[in-house]
Amino acid sequence: MKAIYIPQLIQAPEQTELIEVNEFLPGLETLTPVQGQIEVTHQGNYLDVSAQAETIMTLTCDRCLQQYNHRLVSIATELIWLNQVAHEPQVESLEREIPFDDLVEALPPRGYFAADAWLYEQLCLAIPPRQLCDQQCPGIAPVVDGGTSAGVDHRWAALAALKQLRSRE
């Protein structure tokens with residue numbers, strides 16, 4: 001996927017470029033290629049970017065540690081401001097105040113928009129933070145050793161013996 005030269009968007013029909021996506025994104029391990037589309041519209045002093053994409057990933061359940069396939073769907077929109085001072089080198093100090101305007105995404109008006117990097121970020125944000133293979137997943141089943149209590153670590157055997165001794169008293 002090629003980066004879009006922002007001034008070229010002005011000459012595009014309706015100042016919009018539609019990108020069909022059907023490829024694997026570097027850095028995102030998926031079973032199927034990412035499929036969907038990205039629409040980038042030049043609105044004068046900002047870009048209106050929207051995307052609809054999906055793929056299938058293999059995730060690991062947080063409870064039982066089994067792997068399962070998950071359909072990852074991202075429907076995202078974002079406004080990216082075009083600002084001449086965006087990405088200019090600044091003298092960094094250890095402490096500085098950040099104005100509210102710096103908390104939004106910005107690109108230089110004569111720069112490039114990397115659609116693949118933007119889509120990668122949107123798909124990463126769509127990965128569920130709590131990964132469960134099933135809502136009723138019981139987790140890892142404890143191993144029972146011939147009637148002894150489940151999950152006792154052999155290193156704690158001396159403490160378990162002391163507890164049994166105290167319970168008899």
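**Entry 1: E54 and its surroundings**

I looked up the contacts of E54 in this predicted model, and, leaving out residues up to four places away in sequence, I found that E54 touches P33, V34, Q35, R71, L72 and V73. One of these contacts I followed further: the side chains of E54 and R71 are joined by a polar contact of 3.1 Å. I then checked the backbone on the other side of the list, where the C-alpha atoms of E54 and Q35 are separated by 5.5 Å although the two residues stand 19 residues apart along the chain. E54 is part of strand β4, which covers residues 46-60, and I noted E54 as partly exposed because its relative accessibility is 31%.

**Entry 2: T55**

I moved on to T55, which also lies in strand β4, and asked whether it is buried or exposed. T55 counts as buried, because its relative accessible area of 2% is under the 20% cut-off. Its side chain reaches the backbone oxygen of T32 at 2.7 Å, and beyond four places in sequence I listed T30, T32, P33, V34, H70, R71 and L72 as the contacts of T55.

**Entry 3: the largest nonpolar core**

I next turned to the largest nonpolar core, which has 31 residues, and recorded that I38, L47, F113 and L119 touch the most other members. Two or more residues each come from α1 (6-11), β2 (16-23), β3 (34-42), β4, β5 (67-82) and α2 (115-126), with β4 giving the largest share, six residues. For I38 I looked up the contacts beyond four places in sequence, and among them I noted M1, L18, V49, A51, W118 and L119.

Conventions: Residues are numbered from 1 along each chain as its sequence is written. This is a predicted model: local features need pLDDT of at least 70, side-chain atom pairs count only at pLDDT 80 or more; totals for chains, interfaces and linings use all residues. Side-chain values use heavy atoms; hydrogens and water are left out. Helices (H or I, at least four residues) and strands (E, at least two) are DSSP runs, numbered from the N terminus. Buried means under 20% relative accessible area, exposed over 50%, partly exposed in between (1.4 Å probe, protein chains only). Contact means heavy atoms within 4.5 Å. A polar contact is a pair of N or O atoms within 3.5 Å; within protein, one must be able to donate a hydrogen and the other to accept it, and residues adjacent in sequence count only if both atoms are side-chain atoms. A nonpolar core is a set of buried Ala, Val, Leu, Ile, Met, Phe, Trp, Tyr and Cys residues joined through side-chain atoms within 4.5 Å.
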